[in-house]
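Please find below a short note on the structure, set out as numbered points for discussion.

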Amino acid sequence: MSSTQPVNDPNCHFEFDPWVYIQEYYGSLISWHRSPLKHLHEFFTSHFKGRADLKFLNFGSGPVVAFEASVVPYAQQIVLAEYAEQNRAVAKLWLDQANNGPDFTALYKYVVQELEGKGPEEVDKRQEAVRHLATLCRCDIFQDTPIEKGYEGPYDVIYTASTLEVACVNTEEYGTAVSKLSAMLKPGGWLLMNVSMGEAGTVNVCHVGRTRFVELNISVDEMYAILQRRCGFERESINVIPQAADKVDAIPMLLEAHIDEMMFVIAQRKQSTA
């Protein structure tokens, strides 16, 4: 963890190689994948039984289409919003079942077979269901309307993971970004975030291939303050779940960045905005 505050190169998003990222970070199923997948599974199964009309947004979805696996039984619409064109292109290959597309079967097997206890024949069905429901669009958190026209919501659930922490250089920017996402929720809607947790004012530095990324650390206290003061969430509606790193299956990219803890955040917007 660095005590200084390096910033991202303005071109890093354009230089990012999604294929290197998938190879380095998703070459095997590790604890950093299992933990958010498990939290998503537990969240949807405990909150939405009997529902099949949810509108779900993954903001900053990247090239990987797998964290939607637990959403499908409850969803009417899945929107994958991504800034980088090359990431959207790779995600589209998967959605189109292109022969040269990426393979995320291991992630779906973990959700469908291990977490849900279903048979192997259900894994392909779940992937097909995601392909049927999902739509790709462009997003940019620094725009007044941070998502492509026609996808502004409102949404029942918005999920984001390690996106705002890379885009934003300080907690002030981060708070503004989180408030933009929360504004796209329905009253009573849910914001889910998988966030690098660390000392306030510090960053993590890692590489994907030759591309260097700086990721802002957010402390638990900062997260509560942002959600309450900037976004209007009530304290009792916020659940921050720490996730310690499993050094046994850590990969070079995470070890290099000294990412020791993450937090999974669940926050519900007030039922009435009046």
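1. Helix α9 spans residues 220-230, and its buried residues are Glu222, Met223, Tyr224, Ile226 and Leu227. As a general point, residues three or four places apart in an α-helix point the same way, because there are 3.6 residues a turn. After α9 comes Gly232, which has a positive phi, near 80°. The model is a predicted one, and these local features should be read accordingly.

2. Glu82 belongs to strand β2, which covers residues 75-82. The residue is buried, yet it forms no salt bridge. Its nearest side chain of opposite charge is that of Arg88, at 6.2 Å. A salt bridge requires a side-chain nitrogen of Lys or Arg within 4 Å of a carboxyl oxygen, so the Arg88 side chain does not qualify.

3. Which backbone nitrogen lies 2.7 Å from a polar atom of the Glu82 side chain? That nitrogen belongs to Gly62. Gly62 also appears among the contacts of Glu82 when neighbours within four places in sequence are set aside. The other residues in that set are Gly60, Ser61, Asn87, Arg88, Cys137, Arg138 and Cys139. Arg88 is thus listed as a contact of Glu82, although no salt bridge is formed by Glu82.

4. For the chain as a whole, the secondary structure consists of ten helices and nine strands. Of its 274 residues, 52% are classed as buried. Among contacts with a separation of 6 or more, 71% join residues 24 or more positions apart.

5. The exposed area of the chain is about 12,400 Å². Carbon and sulfur atoms contribute 48% of that area.

How values were computed
Residues numbered from 1 in each chain as written. Predicted model: local features only at pLDDT ≥ 70, side-chain atom pairs only at ≥ 80, totals over all residues. Heavy atoms only, no water. Buried < 20%, exposed > 50% of the residue type's maximum accessible area, 1.4 Å probe, protein only. Helix = DSSP H or I, 4+ residues; strand = E, 2+ residues; numbered from the N terminus. Lys, Arg positive; Asp, Glu negative; His and termini not counted. Polar contact = N/O pair within 3.5 Å; in protein donor to acceptor, adjacent residues only side chain to side chain. Contact = heavy atoms within 4.5 Å. Areas by Shrake-Rupley, 256 points an atom, 1.4 Å probe, with all protein chains shown as cover.
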